[in-house]
Amino acid sequence: MKYEAVIGIEIHVQVRTESKMFCSCANRYGAEPNTLTCPVCLGYPGTLPVPNREAILKAVRAGLLTGCEIAKFSKFDRKSYFYPDLVKNYQISQFDLPFCKGGKLRIGGTGFSGEPLPEKVIGITRIHLEEDPAKLNHMGSASGADYNRSGVPLLEVVSEPDMRSADEAYAYLAGIKEIMQYGGISDCDMEKGQMRCDVNISLRPAGQKEFGTKIELKNMNSFRAAHRAIEYEIWRQAELLDRGETLRQETRGWNDDSGESYLMRTKEQAHDYRYFPDPDLMPVTFTDAEIEAIRAELPELPAAMRERFLRDYGLTEYDAGIMTQDRALAAWFDRAAKASKSPKLVANWIGSELLRMLGEAKCPIDECRVTPENLAELVDLIEQKTINGKIAKEVFPEMFETGRKASEIVKEKGLVQVSDSGAIAEVVAQAVAANPAQVEQYRSGNAKVLQFLVGQVMKLSKGKANPQLVVAELKKQLD
Ligand SMILES: [Zn+2]
């Protein structure tokens, strides 16, 4: 590649709070349009904003989780522009004194395309808090404004232009999402618009220090779309540069159906926002002790959790990745692993049986009837050879349906594994007597028939015989 791509990303994340940023209206997605509004978030003259303490604490938490420096003195500013989604003709945002500055995010592991991604640190310039504008819904030739979204607390996370490929951008987006979710800051549901991103891309000849002309990409509604859009845009800009054309600074949209970006506006139409401090809002101050108190409450992040799972529970990287794919699952696994003598086997059961059944039942892990302790008990019953794996797979669906303990079901149904050598020898003898043809085949050298005979013994024992002992006994009786 003759050119090097330089990529920076601005992410908007809706903060999960009970109420909106500057009024007491509910912060809730999916209500009838314009039912969650009041004079403040509708921008009536003479109304006064009151900042949401929870949103500010979560902004600080986001900063601490990304290694930012937290401002002891910051303020809100008015960003002036006119648009139908903006009731006051200004948005309350933060200009020169954001809550958080100078953070970083480490990316690496497996990239979007499945190839390993070299480890790299992406700088975070700043994280500030603002209010979301209303949502415009376009219906044919008409448009409607839904002010339920007006005033929802919104975090803007601005990265340094540190990314060089679509894969790195994808990893950064996924990393920020993970932190926001684990930190309890946002649910980041992109379909509900809780996480949105704008990407800046420029190309420069490989080896050149100065940046090329920056083009902003908007309207990507998934990480996959963002990845596609970046790859497309790198290709498009390279084509133009190859033809000797000069790029102009512009904002482009992304059409995921056609797989193309399109011009939205050029720099000449860019806004001058005329920021100034909001006279209705007091500056926000933090003492060191207050910041340390928030730091003390920070949750463990997935990267640290994965390392702990590898170290303490002996999981593979792959299993640790699955167990930490969301915060609730990670907490569930952690509890089960602590309660069990075989955490690795617990992870196997979650990764295979439990996640499959939860998926089929469309049941979130928080509502699962099986408790972590009950799964731990089931796994320990297998490990102690009280039951075998086959019986465990029969018991588990009942645990899933009813929430009952494995030991109860096993006892009630008489499923305890038979490891008594006398009893096993007896069933093996029955199976040998009942299948003379297969016995003959085995004796004349067809070793594969053994599996059939094991199956016959298991059937006769109603699945309760210890399979290892059955194999040993069969070999003994057949030799
Ligand atoms: Zn309101």
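This is a short tour of one protein model, stop by stop, with something to select at each. Keep in mind that the model is predicted.

**Stop 1: the zinc ion**

Start by clicking on the zinc ion. Which residues hold out donor atoms to the zinc ion? Show Cys23, Cys25, Cys38 and Cys41: each gives its SG atom, and these donors lie 2.3 to 2.4 Å from the zinc ion. Turn the view around a bit and look at the angles among the four donor atoms, which run from 100 to 115 degrees, making the site tetrahedral. If you follow the donor residues along the sequence, their spacing reads C-x1-C-x12-C-x2-C. Now pick out cysteine 23 and cysteine 38: this pair is 15 residues apart and links distant parts of the chain, with both cysteines in the loop between strand 1 (3–14) and helix 1 (53–65).

Are these two cysteines buried or exposed? Cysteine 23 has a relative accessible area of 12%, so it counts as buried. Cysteine 38 is buried as well, with a relative accessible area of 17%.

**Stop 2: helix 1 and arginine 61**

Next, select arginine 61, which you'll find in helix 1. Its relative accessibility is 24%, so arginine 61 counts as partly exposed; the cut-off for buried is under 20%. Show what arginine 61 touches, skipping residues up to four places away in sequence: you should get Gly183, Gly184, Ile185, Ile294 and Leu298. Then add glutamate 300 to the view. Arginine 61 and glutamate 300 are 239 residues apart in sequence, yet their C-alpha atoms are 12 Å apart in space.

**Stop 3: helix 1 against helix 4**

Keep helix 1 on screen and add helix 4 (residues 288–296). Two packed helices are described by the angle between their axes and the distance between the axes. Here the angle is about 75 degrees and the axes are 10 Å apart, so helix 1 and helix 4 are roughly perpendicular to each other. To see the contact itself, select Leu57, Val60, Arg61 and Leu64 on the helix 1 side, and Ile291, Ile294 and Arg295 on the helix 4 side. Sorted by class, this contact of helix 1 with helix 4 has five nonpolar, no polar and two charged residues.

**Stop 4: asparagine 200**

Hop over to strand 11 (residues 195–205) and click on asparagine 200. With 15% relative accessibility, asparagine 200 counts as buried. Its contacts, leaving out residues up to four places away in sequence, are Val6, Ile7, Gly8, Glu10, Lys214, Ile215 and Glu216.

**Stop 5: helix 9 and helix 11**

Now colour helix 9 (residues 372–383) and helix 11 (residues 406–413). At what angle do their axes cross? They cross at roughly 50 degrees and come within 8 Å, which means helix 9 is oblique to helix 11. Show the side chains where they meet: Glu377, Leu378 and Leu381 from helix 9, with Ala406, Ser407 and Val410 from helix 11. By class, that contact is made of four nonpolar residues, one polar and one charged.

**Stop 6: valine 470**

Finish in helix 15 (residues 467–478) by selecting valine 470. Valine 470 has 0% relative accessibility, so it counts as buried. Apart from neighbours within four places in sequence, valine 470 is in contact with Ile424, Val428, Val454, Val457, Met458 and Ala465. For one last distance, pick glutamate 412: it sits 58 residues from valine 470 along the chain, and the two C-alpha atoms are separated by 24 Å.

How values were computed: Residues numbered from 1 in each chain as written. Predicted model: local features only at pLDDT ≥ 70, side-chain atom pairs only at ≥ 80, totals over all residues. Heavy atoms only, no water. Donors = N, O, S within 2.8 Å, 3.2 Å for Na, K, Ca; no water. Tetrahedral: all angles 85-135°; square planar, octahedral: opposite > 155°, others 65-115°. Helix = DSSP H or I, 4+ residues; strand = E, 2+ residues; numbered from the N terminus. Buried < 20%, exposed > 50% of the residue type's maximum accessible area, 1.4 Å probe, protein only. Axes fitted to C-alpha atoms, helices over the stretch in contact; angles between N-to-C directions. Parallel < 35°, antiparallel > 145°, perpendicular 65-115°, else oblique. Contact = heavy atoms within 4.5 Å. Nonpolar A, V, L, I, M, F, W, Y, C, P; charged D, E, K, R; others polar.
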